[in-house]
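Student: I've got a structure open and I'd like to learn how its labels are earned. Could we go through it together?

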Amino acid sequence: RLGRMTGRRTRPQHLESCDMITASRSSPPSVGPELNGMLMEAEEFDAVTQWDDRFRYELVQGVLVVNPPPDLNERLPNDELGYLLRRYRDTHPAGRCLDETAPEQTMAIGANRRRCDRAVWIGLGRRPNDQVDLPTIAVEFPGRRARDRHRDYIVKREEYAAAGIAEYWIIDMHRRQMTVHRRAGETIALGPGDVVGVEDLGDQV
């Protein structure tokens, strides 16, 4: 069985409640929402070749977590951020420090597989290999649900810092604020009318 199960295992409290699901190792390598809550190891997650792409997947403490895709209110500002970052890269004198940015990036954080809303790679001097190169900056756009906000504001902040990601941006469209957590322990809070310069992106190299 997946996860080399020898019995029922307790699901982490911060995950959504659902019944554990098991599947035979001989099953086709296809994953969809019906497998939410299945025990799985990182190697098994990485080996999956077929995903139901209507959903988003993470592996958290050995449990497969399936979430709905981001809605329009999240996708639009994420797209705008991608445009602004690429514009900075292409037009600013220091923009070449920005190697690449991509939405919906899955990252190996220890044994977990986390999916950030946007990843930014800086200072590599080449196109990143997203299978091995952790982003310099991870970005999340929190939803309205309390458990989603706890995950993005608390759980992922701790995980990303421990993994060595230089900056974590939380862009909260519901509160109209942006919080920047830096690996050195510095936190910057920005609200409407505040201005953040991008000239110091190179400082994250």
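Tutor: Let's take the labels one by one and check each against its cut-off. Keep in mind that this is a predicted model.

Student: Okay, what is the overall layout of the chain?

Tutor: The chain has three helices and ten strands. From the N terminus on, the order is β-α-β-β-β-α-β-β-β-α-β-β-β. Of its 205 residues, 45% count as buried.

Student: What makes Arg114 buried?

Tutor: Buried means under 20% relative accessible area. Arg114 has 1%, so the label fits.

Student: And why is Glu159 called buried?

Tutor: Glu159 has 14% relative accessibility, which is again under 20%, so Glu159 counts as buried.

Student: How do you know that Arg114 and Glu159 form a salt bridge?

Tutor: The cut-off is a side-chain nitrogen of Lys or Arg within 4 Å of a carboxyl oxygen of Asp or Glu. The closest N and O atoms of Glu159 and Arg114 are 2.8 Å apart, so the pair passes. Glu159 sits in helix α3 (residues 146-163) and Arg114 in strand β6, so this bridge ties together parts that are 45 residues apart in sequence.

Student: Which other salt bridge does Arg114 make with Glu58 in the picture, and at what N to O distance?

Tutor: The side chains of Arg114 and Glu58 meet at 3.1 Å, N to O, so that pair is a salt bridge by the 4 Å rule too. Here the partners are in strand β6 and strand β3 (residues 56-60), so the pair links parts 56 residues apart in sequence. Both Arg114 and Glu58 are buried.

Student: Which residues make up the network of salt bridges around there?

Tutor: Glu58, Arg114, Glu140, Lys156 and Glu159 are linked in a network of salt bridges. By this rule, the count comes to 20 salt bridges. As background, side chains of opposite charge can pair when their charged atoms come close.

Student: Let's try Asp133 and Arg126. What makes them a salt bridge?

Tutor: Their side chains meet at 2.9 Å, N to O, and that is within 4 Å, so the pair qualifies.

Student: Are those two buried or exposed, or partly exposed?

Tutor: They get separate labels. Asp133 has 15% relative accessibility, under the 20% limit, so Asp133 counts as buried. Arg126 has 41%, between the 20% and 50% limits, so Arg126 counts as partly exposed.

Student: Where is Asp133, and what is it in contact with?

Tutor: Asp133 lies in the loop between β6 and β7. Leaving aside neighbours within four places in sequence, Asp133 is in contact with Trp121, Leu124, Arg126 and Pro128.

Student: Why is strand β4 called mostly covered?

Tutor: Five of the five residues in β4 (residues 63-67) are buried, so the description holds. Val63, Val65 and Asn67 point one way, Leu64 and Val66 point the other way, and all are buried.

Student: How do you know that β3 and β4 pair?

Tutor: Pairing needs at least two bridges. β3 and β4 have five, in the antiparallel sense, so they pair. One of the bridge partners in β4 is Asn67, which matches up with Arg56. The hairpin of these strands has two residues between them, and Gln61 takes a positive phi near 50° there.

Student: Now the largest nonpolar core. Which members touch the most others?

Tutor: There are 15 residues in that core, and Leu81, Val120, Ile137, Val139, Trp169, Ile171 and Met178 touch the most other members. The elements giving two or more residues are α2 (72-91), β6 (112-122), β7 (137-140), β8 (167-172) and β9 (177-182). The largest share, three residues, comes from α2.

Student: What is Ile171 in contact with?

Tutor: Outside its neighbours within four places in sequence, Ile171 is in contact with Leu81, Val139, Glu140, Phe141, Pro142, Gln177 and Met178.

Student: Last one: what lines the second largest pocket?

Tutor: About 550 Å³ of space lies in this pocket. The lining has 25 residues, and Pro70, Glu74, Gly143, Asp148 and Arg151 are the closest to the pocket's centre. β3, α2, β6 and α3 each supply at least two lining residues, and α3 gives the most, with four.

Notes: Residues are numbered from 1 along each chain as its sequence is written. This is a predicted model: local features need pLDDT of at least 70, side-chain atom pairs count only at pLDDT 80 or more; totals for chains, interfaces and linings use all residues. Side-chain values use heavy atoms; hydrogens and water are left out. A nonpolar core is a set of buried Ala, Val, Leu, Ile, Met, Phe, Trp, Tyr and Cys residues joined through side-chain atoms within 4.5 Å. Buried means under 20% relative accessible area, exposed over 50%, partly exposed in between (1.4 Å probe, protein chains only). Contact means heavy atoms within 4.5 Å. On a 1 Å grid over the protein atoms alone, a cavity is a set of points where a 1.4 Å probe fits but cannot get out, and a pocket is an open set with protein on both sides within 12 Å along at least five of seven lines; lining residues have an atom within 4 Å of a point. Grid points are joined across faces, edges and corners, and a volume is the space filled by probe spheres set on the points.
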